[in-house]
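Please open the model in a viewer and keep the selection panel at hand. The tour below proceeds by selections.

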Amino acid sequence: MWRKRWVVVLFCLLLTAGLLFLFWPAGEDPNETAYSDTVTQATDSALVESAQDADVMRRAESIPAYWGKVTQPRFGDWPEIRKRRVLRVLVPYSRTFFYHDNGRTRGISADLLAELELYLNKTLKTGRHPISVLAIPVERDQLLSGVVEGLGDVAVGNLTVTAQRQAEVDFVVLADHQQQEVLVSSPTAPAIGDERDLATRMLAVRRSSSYFSSIEKLNSRLVKIGRPRAEALIVPEALEDEDLLEMLNAGLIDFAILDD
């Protein structure tokens, strides 16, 4: 009998010891405590040094003023832009022209603007007061209107020159530059022999694009020969040409008008 009692007592003691081991507050590791204190002191010291660094504080205080220059409507030609030292360039956000990749700007427009900034500062010898070329991503219908409203100084983005647009802004076009609009169809779309076959067809375009004007001209010709009008399928301004190409390839739309 006494052996059974001792077994029960021993089991209770072992159970108690195990519970105490699991839940008893562990003592702090001196090495871990020292490491934590060192990190805290280094962080506090860095913050104090930053607050005492006049250059760091000057840059921090200049951020609101800098963005004020960017966001406020401003007008004027090159002399005013050079005085502000910020050239604002409106660009469409796309995988072709301008996008961000791991914190870096990529695309045709991004590379072009980086080279332009280097060229301006080297040619004008700006020294310690460089001119910044700042890309501002916007949707397509805000490219030219943004320049007119003073929200940007320049717009870049594969824009077609039209008489209506030339009445609002100036264009810079290479002398040998040639551009044509083409009809692109999906793999499952019906065959098109000539423009008469586009009667009643849905053509995907952005309303702000020159493609939309081309559909209106097409409809004028169709009406003259007694054919029904083509229909413009208006897509969001955020969709770029490459997006429409992907939609065509997936069969989401049948036809779209794009630059060649």
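A residue is called buried when its relative accessible area is under 20%, exposed when it is over 50%, and partly exposed in between. The model shown here is predicted.

**First selection: an aromatic pair**

Select Tyr93 and Phe98. Where does Tyr93 stand on the scale of accessibility? Its relative accessibility is 43%, so Tyr93 counts as partly exposed. Phe98, by contrast, has a relative accessible area of 3% and is therefore buried.

A pair of aromatic rings is described by the distance of the centres and the angle of the planes. The count of aromatic pairs comes to one. That pair is formed by Tyr93 and Phe98, with the ring centres 6.3 Å apart and the planes at 70 degrees. Planes over 60 degrees apart count as edge-to-face, and the pair of Tyr93 and Phe98 is edge-to-face.

**Second selection: Arg84 and Asp153**

Turn next to the salt bridges, of which there are nine. Select Arg84 and Asp153, whose closest N and O atoms are 3.1 Å apart in a salt bridge. Which parts of the chain does this pair link? Arg84 belongs to helix 4 (residues 78-84), while Asp153 sits in the loop between helix 6 (143-148) and strand 5 (154-155); the two residues are 69 residues apart, and the pair links distant parts of the chain.

Arg84 has 13% relative accessibility and so counts as buried. Asp153 is likewise buried, because its relative accessible area of 16% is under 20%. Now add Arg88 to the selection: Arg84, Arg88 and Asp153 are linked in a network of salt bridges.

**Third selection: Arg140 and Glu240**

Select Arg140 and Glu240, which form a salt bridge with the closest N and O atoms 2.9 Å apart. Arg140 is in the loop between strand 4 (132-138) and helix 6, and Glu240 is in the loop between strand 8 (231-234) and helix 9 (241-249); they lie 100 residues apart. Are these two residues buried or exposed? Arg140 is buried, at a relative accessible area of 10%, and Glu240 is buried at 2%.

**Fourth selection: Arg206 and Asp241**

Select Arg206 and Asp241, the side chains of which meet in a salt bridge of 3.3 Å, N to O. Arg206 lies in the loop between strand 7 (202-205) and helix 8 (210-224), and Asp241 in helix 9, so this pair ties together parts that are 35 residues apart in sequence. Both Arg206 and Asp241 are buried.

**Fifth selection: a sheet and two helices**

Display the backbone as a cartoon and select strands 6, 7, 8 and 9. In what order do the strands of this sheet lie? The order is 6-9-7-8, in an open sheet of four strands with mixed pairing. Strand 6 (181-185) and strand 8 are the edge strands, each pairing on one side only. From one strand to the next, the twist averages 40 degrees.

Focus on strand 6 and strand 9 (residues 255-259), which run antiparallel and are joined by five bridges. Within strand 9, Leu258 is the bridge partner of Val182.

Finally, add helix 8 and helix 9. Helix 8 lies across strand 6, strand 7, strand 8 and strand 9, and runs at about 155 degrees to strand 7. Helix 9 lies across strand 6, strand 7 and strand 9, and its direction is at about 145 degrees to strand 9.

Conventions
Residues are numbered from 1 along each chain as its sequence is written. This is a predicted model: local features need pLDDT of at least 70, side-chain atom pairs count only at pLDDT 80 or more; totals for chains, interfaces and linings use all residues. Side-chain values use heavy atoms; hydrogens and water are left out. Rings of Phe, Tyr and Trp (its six-membered ring) pair if their centres lie within 6.5 Å; planes under 30 degrees apart count as stacked, over 60 as edge-to-face and the rest as tilted. Buried means under 20% relative accessible area, exposed over 50%, partly exposed in between (1.4 Å probe, protein chains only). A salt bridge is a side-chain nitrogen of Lys or Arg within 4 Å of a carboxyl oxygen of Asp or Glu. Two strands pair if DSSP finds at least two bridges between them. Axes are lines fitted to C-alpha atoms, for helices over the stretch in contact, and angles run from 0 to 180 degrees between N-to-C directions. Contact means heavy atoms within 4.5 Å.
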